[in-house]
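Let's take a walk through this structure together, going from helix to helix and stopping at a few residues on the way. Keep the 3D view open as you read.

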Amino acid sequence: MRHLLKWLAVLTTIVMLFVLIGGALVTKTGSSMGCGRSWPLCHGQILPDPLTIETIIELSHRLVSGVAGVLVLALVIWAWKAIGHKRETKLLCFLAIFFIILQALIGAAAVVWGQSKAVLALHFGISLISFAAVLLLTLLIFEVDNKFDADSLVIGKTMRFHIYGIIIYSYIVIYTGAYVRHKGASLACPSIPFCSDNRLAPQTIHEWVQMGHRLAAGLLFIWIAIAMIHAMKHYRGQKVIYWGWIIAFLLIILQAVTGISIILSSLNLYFALTHALIISCLFGLLCYFVLLAGRAKKG
């Protein structure tokens, strides 16, 4: 039975990742109104006619999100029974189910009544928390932490500061990135690294939104680099921390590269979706650090 639970956990994690990418695809292609103001039906029908590309994208996202909801519910119930004795399990189960329901409600409200750009930007972040909870549940089910001997980890105050600080700050950066997309400010500043070749400072609200995200992302890049250097100096004997931060730094490099590529390519869809995928993986890794810090001994 545990073997089947592992398969369910992996499948749910993958589907949740598709939900994240699908949400980014809906936003990037302007397909949020592909089904009009109708929910859960599409233009008042199960299968509307005609099927435009926007309708297909929005309808597909709704379908994948619905499947994800069923899978998360099944995983939460099964994990609660199978590994409920692990102290993190029940909290992760609650977070996974609560935030996927909240995601669905915000998505439905945005379709039926409309929402402000600030609220819509929360949608991706809420989905991200649910994905991270499912990912951590999957790791607990596979007992990956035992493989790395996580219970014998010793994490000092400085590393704990980096772990907790970066996870909170990264969520803020992710929100600013989502706000850039929903505000339509992705190409407000077409130059790198400054807003324009002719001037350094932004002037319009869209330019401030874009440059604000760049500044926040740049600080996150620097902070992760500092955490990686600290891990390389002081955690050589604790491979999960040592290599974990190296991987985190490689991911933030890829995130920066795809972010720059989005602008230079004038919103190439593949770069945009890769950008969303990488930040999802990075956030999941940072959440795993939080899990380890909660289990590790204080140094």
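**A guided tour of the helices**

A good place to begin is A188, which touches C195, H206, E207 and Q210 once its neighbours within four places in sequence are set aside. Keep in mind that you are looking at a predicted model. A188 sits in the loop that links α6 (157-183) to α7 (205-234). One of its partners, Q210, lies 22 residues away in sequence, yet the two C-alpha atoms are 6.5 Å apart in space.

The loop between α6 and α7 also holds P193. Look at the peptide bond leading from I192 into P193: this bond is cis, and its omega is near 0°. That deserves a pause, because most peptide bonds are trans.

Now turn to the two helices on either side of this loop. Two packed helices are described by the angle between their axes and the distance between the axes. For α6 and α7, the axes cross at roughly 155° and come within 9 Å of each other. An angle over 145° counts as roughly antiparallel, and α6 and α7 are therefore roughly antiparallel. The crossing in which α6 passes α7 is left-handed. Sorted by class, the residues in this contact comprise 17 nonpolar, ten polar and one charged.

To see this pairing at the level of a single side chain, find H162 in helix α6. Is H162 buried or exposed? Its relative accessibility is 7%, so H162 counts as buried. Apart from residues up to four places away in sequence, H162 is in contact with W223, I226, A227 and H230. With W223 there is also a polar contact, side chain to side chain, at 3.0 Å.

From α7 you can move on to helix α8, which spans residues 239-264. Here α7 and α8 pack with their axes 9 Å apart, at an angle of about 155°. That angle makes α7 roughly antiparallel to α8. This crossing, too, is described as left-handed. If you want to highlight the contact in your viewer, select Q210, R214, L220, F221, I224, A225, A227, M228, A231 and M232 on the α7 side, and I241, Y242, W245, I246, A248, F249, I252, I253 and I263 on the α8 side. By class, the contact of α7 with α8 has 17 nonpolar residues, one polar and one charged. Two of these names should look familiar: Q210 also touches A188, and A227 also touches H162.

Beyond α8 comes a loop that leads to α9 (269-295), and S266 is found there. L267 has its place in this loop between α8 and α9 as well. What is notable about the backbone at S266? S266 has a positive phi of about 60°, although it is not a glycine. L267 likewise is not a glycine and has a positive phi, of about 70°. These values catch the eye because most residues other than glycine have a negative phi. As for accessibility, S266 counts as exposed because its relative value is 52%, while L267, at 37%, counts as partly exposed.

The loop brings you to α9, and this helix meets another part of the chain. Helix α4 (residues 117-142) and α9 have axes that come within 9 Å and cross at roughly 55°. That makes α4 oblique to α9, and the crossing is right-handed. On the α4 side, the contact is made by F124, L128, F131, A132, L135, L136, L139 and L140; from α9 come A276, I279, S280, F283, G284, C287, Y288, L291 and R295. These residues divide into 14 nonpolar, two polar and one charged.

For the last stop, go back towards the start of the chain and find T13, in helix α1 (residues 2-28). T13 has a relative accessible area of 12%, so it is buried. Where does its side chain reach? The side chain of T13 reaches the backbone oxygen of A9 at 2.8 Å. Leaving out residues up to four places away in sequence, T13 touches F131, V134, L135 and T138. Among them, F131 and L135 also belong to the contact that α4 makes with α9.

How values were computed: Residues are numbered from 1 along each chain as its sequence is written. This is a predicted model: local features need pLDDT of at least 70, side-chain atom pairs count only at pLDDT 80 or more; totals for chains, interfaces and linings use all residues. Side-chain values use heavy atoms; hydrogens and water are left out. Helices (H or I, at least four residues) and strands (E, at least two) are DSSP runs, numbered from the N terminus. Contact means heavy atoms within 4.5 Å. Buried means under 20% relative accessible area, exposed over 50%, partly exposed in between (1.4 Å probe, protein chains only). A polar contact is a pair of N or O atoms within 3.5 Å; within protein, one must be able to donate a hydrogen and the other to accept it, and residues adjacent in sequence count only if both atoms are side-chain atoms. Axes are lines fitted to C-alpha atoms, for helices over the stretch in contact, and angles run from 0 to 180 degrees between N-to-C directions. Angles under 35 degrees count as roughly parallel, over 145 as roughly antiparallel, 65 to 115 as roughly perpendicular and the rest as oblique. A crossing is left-handed if the near helix is turned anticlockwise from the far one by less than a right angle, and right-handed if clockwise. Ala, Val, Leu, Ile, Met, Phe, Trp, Tyr, Cys and Pro count as nonpolar, Asp, Glu, Lys and Arg as charged, and the others, Gly among them, as polar.
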